[in-house]
Amino acid sequence: MQKPNQFIQLRLQKLERLRELGVDPYPVLSHRSHKIGAVIEAKEALVSAETEVTLAGRLVAMRRQGKLGFGDLEDDSGRVQIYVQRDLVGESNYEVFKLFDPGDFIQIRGSMFYTKSGEYSIKAREVTMLSKNIRPLPAVKEKIDEKGNVIRYDEFADIELRYRKRYLDLLLNPRHREVFIKRSKIVTAVREFLDERGFIEVETPILQPLYGGANARPFITHHNTLDVDLYLRIALELYLKRLVVGGFERVYELGRNFRNEGMDRTHNPEFTMLEVYQAYSDLEGMMNLTEGLFHHLAEDVLGQTCFHFRGYDIHLDKPFERASMIDLVKRYAGIDLSDMDYDKALAFCKEKGLEIPEGAQVGKLIELLFETYVEEKLVEPIFVVDYPKEISPLAKSKPDNPMLADRFELFIAGGEFANAFSELNDPIDQRERFEAQAALKAKGDLEATPVDEDFLEALEYGMPPMGGLGIGIDRMVMLLTENDSIKEVILFPQMKRLD
RNA sequence: GGUCCAGUAACUCAGUGGUAGAGUAUCUGCCUUUUAAGCAGAGAGUCGUUGGUUCGAGUCCAACCUGGAUCACCA
């Protein structure tokens, strides 16, 4: 706890004063007959019948005027003005009211009426303290102009404070609160979309004896009773596939992944991933599912199909384009690598002055050219297909070209939004891919994944052909809420300690 | 990790070497229909931290802390 400042001292004195008056500043019991939204709905009826109502909420503003006072009361359904007059509540209750501050939770019993200036308000018969605020909220004022626009003054805008004290951000900045309401709607809609299509939602281990399913450095923790190190999962993939081996044909998980890597505008160490697996489906099925999901979220859930994101207008209302990675490299980097010729690719990368990764084969070089010259050009949604097999250790090869994987990634505004493939179900092939990864790891690649014998054994029992899809929920919410920073869509983003 | 920018009262911000400021918030007084209430008065600050230069530093210099932008890295 910080040292008490002048404001806190004063409020603690008021707390004492309340106790002296026999008022419990933090009572157990509260009551309300209506939410504020409900009394606003039923204005005329409540006013004409002079119905007694009891409201509860947080006092967010106070305008005192001698022997009467006005305030604004807010709950999660709306805001309404309160009117408290000494002659109506009585002397002793008015003494209590005088100790109310903005930030307090209060209860008020009375009837709805219109003030002289026409503002719909509750006229108090009795006010009750529900929870005394002792640390004043930052002062944010707002005014509604003639056109009905809300003008805000001295908004709580410090970015660092908004992240560190998100509760204040939510309380004081309605437009930031709205982002997380939208996020909730989006996540709910994702579940409904998949449930309607016969998928079941499952939960798989976060603490894993081995990590896999992506290339990333893991967090490591320790289990005392078993005396073993465990990893926090970096992906959902390998456990979900085990479930398909187990007979669940359509599964998905919406869950937190953890990657022990850098943090920036699009990376938080923990982030939410959707992974979907559908037996007897394929890449085409996954494209339809992805396209359908984005359309649904945009049109049906948010009611808009054009999103302003990273300085672009992104349209989600049309079928997404498709292009092969090699064609895109040809178009934007200016080299035709459809022959997958290593020497040609290497010479070109060197000529361009690109840094060649250790042990890179032609697939890695194509990826390098793609990342360098293509990604930023992909603005409107586009499915990039035909990934090199070398960089796709869990995907099936294409039947007509063993150098390529049957895989796509969805790019929007220069960023990756989905990753899908026809899942590799050949246990022998999968073992070879794992061993190639292990070899990279032995060479010092910190992000290569270890061989997962338990998973290989599951594959040996047989896994049906299927399509799999991964979508980063945070980035999708960024797009759909038009936010450029991942911290704006994660309630409590990772921050450095201050001490 | 590199570069650039920022950190001053509870909030939003001014302040380019000479006594720490404003608006809001807060407190006191007045006020029985206000609404960014009003009027009068008052209090409130380790100027991110630590050093340095200087007669004198919020201001100049250095290092560090925290955040942001950007680049690198990270599918």
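# Asking why, one residue at a time

Me: Where does Tyr342 sit in this predicted model?

Reply: Tyr342 has its place in helix H12, which covers residues 342–351.

Me: Why is Tyr342 called partly exposed?

Reply: Its relative accessible area is 34%. Buried means under 20% and exposed means over 50%, so Tyr342, with 34%, falls in between and is called partly exposed.

Me: What does Tyr342 touch, leaving out residues up to four places away in sequence?

Reply: Tyr342 touches Ala360, Gln361, Val362 and Leu365. Ala360 is 18 residues from Tyr342 along the chain, and the C-alpha atoms of the two are separated by 9.5 Å. The contact itself is judged on heavy atoms within 4.5 Å.

Me: Let's go to Ser121. What makes Ser121 buried or exposed?

Reply: The relative accessible area of Ser121 is 0%. Buried means under 20%, so Ser121 is buried. This serine belongs to strand E5, residues 120–131.

Me: How do you know that Ser121 and Gln81 make a polar contact?

Reply: Their side chains are joined at 3.0 Å. A polar contact asks for N or O atoms within 3.5 Å, one able to donate a hydrogen and the other to accept it, so the pair of Ser121 and Gln81 at 3.0 Å counts. Gln81 is also one of the residues in contact with Ser121 once neighbours within four places in sequence are left aside; the others are Val80, Ser111, Met112, Phe113 and Thr115.

Me: Now the charged pairs. Why is the pair of Glu20 and Arg17 called a salt bridge?

Reply: The side chains of Glu20 and Arg17 meet at 3.4 Å, N to O. The cut-off is 4 Å between a side-chain nitrogen of Lys or Arg and a carboxyl oxygen of Asp or Glu, so this pair at 3.4 Å qualifies. Side chains of opposite charge can pair when their charged atoms come close.

Me: Why are Glu20 and Arg17 separated by about one helical turn?

Reply: Because they are three residues apart in helix H1. Glu20 is exposed at 59% relative accessible area, while Arg17 at 36% is partly exposed. Over 50% is the mark for exposed, so Glu20 passes it with 59% and Arg17 with 36% does not.

Me: What makes Arg166 and Asp169 a salt bridge?

Reply: The closest N and O atoms of Arg166 and Asp169 are 2.8 Å apart, and the limit is 4 Å. Both residues lie in helix H7 (residues 166–172), three residues apart, about one turn of the helix.

Me: Are Arg166 and Asp169 buried or exposed?

Reply: Arg166 has 0% relative accessibility and counts as buried. Asp169 has 0% relative accessibility too, so it counts as buried as well.

Me: How do you know that Glu460 and Arg431 form a salt bridge?

Reply: The closest N and O atoms of Glu460 and Arg431 are 3.9 Å apart, which is within the 4 Å allowed. The pair links distant parts of the chain, with Glu460 in helix H15 (residues 453–461) and Arg431 in helix H14 (residues 427–442), 29 residues apart. At 25% relative accessibility, Arg431 counts as partly exposed.

Me: How many salt bridges are found in the whole structure?

Reply: A search finds 39. Elsewhere, Arg11, Lys14, Asp101, Asp104 and Lys132 are linked in a network of them.

Me: Which residues touch the most other members of the largest nonpolar core?

Reply: Leu274, Phe294 and Leu316 do, in a core of 48 residues. Helix H10 (residues 283–302) gives the largest share of this core, nine residues. A second, separate core of 29 residues includes Ile326, Ile366, Leu368 and Val384.

Me: And the RNA? How do you know that Asp87 makes a polar contact with RNA strand B?

Reply: A polar side-chain atom of Asp87 lies 2.2 Å from a base oxygen of the strand, and the limit is 3.5 Å. Glu119 has a side-chain N or O atom 2.7 Å from a base nitrogen of RNA strand B. For Ala157, a polar backbone atom is 3.3 Å from a phosphate oxygen of RNA strand B.

Me: How many residues surround RNA strand B?

Reply: There are 52, and the closest are Asp87, Ser117, Lys141, Glu160 and Glu261. By class, the surface near RNA strand B has 16 nonpolar, ten polar and 26 charged residues.

Terms used. Residues are numbered from 1 along each chain as its sequence is written. Chains are lettered from A and ligands numbered from 1 in the order in which they are written. This is a predicted model: local features need pLDDT of at least 70, side-chain atom pairs count only at pLDDT 80 or more; totals for chains, interfaces and linings use all residues. Side-chain values use heavy atoms; hydrogens and water are left out. Helices (H or I, at least four residues) and strands (E, at least two) are DSSP runs, numbered from the N terminus. Buried means under 20% relative accessible area, exposed over 50%, partly exposed in between (1.4 Å probe, protein chains only). A nonpolar core is a set of buried Ala, Val, Leu, Ile, Met, Phe, Trp, Tyr and Cys residues joined through side-chain atoms within 4.5 Å. A residue is near a molecule or strand if one of its heavy atoms lies within 4 Å of it. Ala, Val, Leu, Ile, Met, Phe, Trp, Tyr, Cys and Pro count as nonpolar, Asp, Glu, Lys and Arg as charged, and the others, Gly among them, as polar.
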